[in-house]
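Please open the model in a viewer and keep the sequence panel visible. The tour proceeds from one selection to the next, with a short account of what is found at each stop.

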Amino acid sequence: MDINKLKILFDENQIQERIKEIGNELNKLYGEEEVIAVCVLKGAVMFAADLVKHLKMPLKLEFIRLSSYNGGTSTSGKVNAVNIALPDLNEKNVLIIEDIVDTGLTAKFLLDFINCNFHTKSTKFCSLLDKKVTRLTDVDPDYYGFEVDDKFLIGYGLDYDGFYRNLKYIGYIDKSDLE
Ligand code: IMP
Ligand code: MG
């Protein structure tokens, strides 16, 4: 893939400004209540790290690892729980932090898992990006940063074959330019 063919969709400033706004909304929602934030690796690592810095309530940060892509540019349709070790979430405010909701299969898998195993005080789903047009489930994030079109996005946690997660911005590449 030629990185020069990447078209920037959201630059560093836009991303950080929007994250600050989401942080303010979450501060209003939770007030002084304790929160357990669950970052879905690997894609959400950048977003989670930047978002939690804005949160003022007592907060624990947990990490789980799910995967649905096989290194390509579309979901395999099957979610794989690589590591889903979580603490006791009973009677806790759970905030799931994701990079992007695409088909919604990952979100649904995780929400079903939490609902089956715990009786939380509240469960909220926060995703930086929402690709509404490709949804195959009835799951929508409670909070999201930006709505995006059906493009393959790269950067700020989102990868192409494992690369480009470290970019400070989010861009897309035309599928014809993906080699
Ligand atoms: P879903 O299960 O189809 O909603 O997809 C969720 C996961 O697929 C996300 O957490 C991402 O890790 C990955 N994903 C979806 N769309 C993109 C994209 O455009 N670029 C990179 N990864 C993506
Ligand atoms: Mg993800």
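Helices (H or I, at least four residues) and strands (E, at least two) are DSSP runs, numbered from the N terminus. The model is predicted, and local features need pLDDT of at least 70, side-chain atom pairs count only at pLDDT 80 or more, and totals for chains, interfaces and linings use all residues. Residues are numbered from 1 along each chain as its sequence is written, chains are lettered from A and ligands numbered from 1 in the order in which they are written, and side-chain values use heavy atoms, with hydrogens and water left out.

**The loop between β8 and β9**

Select first the loop between β8 (153–154) and β9 (170–172), where Tyr156 is placed. Tyr156 is not a glycine, yet its phi is positive, at about 50 degrees. The relative accessibility of Tyr156 is 5%, so this residue counts as buried; buried means under 20% relative accessible area, exposed over 50%, and partly exposed in between (1.4 Å probe, protein chains only).

Move next to Tyr164, which is found in the loop between β8 and β9. Phi of Tyr164 is likewise positive, near 75 degrees, in a residue other than glycine.

Leu158 also lies in this loop between β8 and β9. Leu158 has a relative accessible area of 9% and is therefore buried. Which distance separates Leu158 from Gly43, C-alpha to C-alpha? The two C-alpha atoms are 5.3 Å apart in space, although the residues are 115 apart in sequence.

**From β2 to the cis peptide**

Leu41 and Lys42 are joined by a cis peptide bond, with omega about 0 degrees. Lys42 is found in the loop between β2 and α2 (45–52). Now select strand β2 (residues 35–41), which contains Val40. Val40 is buried because its relative accessibility is 3%. A distance drawn from the C-alpha atom of Val40 to that of Ile114 reads 13 Å, for residues 74 apart along the chain.

**Helix α3**

Ile114 leads to helix α3, where it is one of the buried residues, together with Thr106, Ala107, Leu110 and Leu111. Look down the axis of α3: its buried residues fall within an arc of 125 degrees, so they line one face of the helix. The arc is that of the directions from the helix axis to the C-beta atoms. On the other side of α3, Asn115 and Cys116 are exposed.

The length of the helix may be checked in the same view. The 13 residues of α3 should span 18 Å at 1.5 Å a residue, and the end C-alpha atoms are 18 Å apart, which agrees. The expected span is 1.5 Å times one less than the number of residues.

Then display the side chains of Lys108 and Asp112, which meet in a salt bridge (3.3 Å, N to O). A salt bridge is a side-chain nitrogen of Lys or Arg within 4 Å of a carboxyl oxygen of Asp or Glu. Both residues lie in α3 (residues 105–117), 4 residues apart, about one turn of the helix. An α-helix has 3.6 residues a turn, so residues three or four places apart point the same way. Lys108 counts as partly exposed because its relative accessibility is 32%, and Asp112 is partly exposed at 35%.

**Further salt bridges**

The structure holds 12 salt bridges. Select Asp130 and Lys132, whose side chains meet in one of 2.9 Å, N to O. Is Asp130 buried or exposed? Asp130 is buried, at 0% relative accessibility, while Lys132 is partly exposed at 32%. Salt bridges that share partners join Asp130, Lys132, Arg135 and Asp140 into one network. Asp159 forms a salt bridge with Arg165, with 3.4 Å between the closest N and O atoms.

**The magnesium ion**

Select ligand 2, a magnesium ion, whose protein donors are Glu98 (OE) and Asp99 (OD), 2.5 to 2.6 Å from it. Donors are N, O and S atoms within 2.8 Å of the metal (3.2 Å for Na, K and Ca); water is not among the atoms, so sites may look incomplete. Glu98 and Asp99 are both buried.
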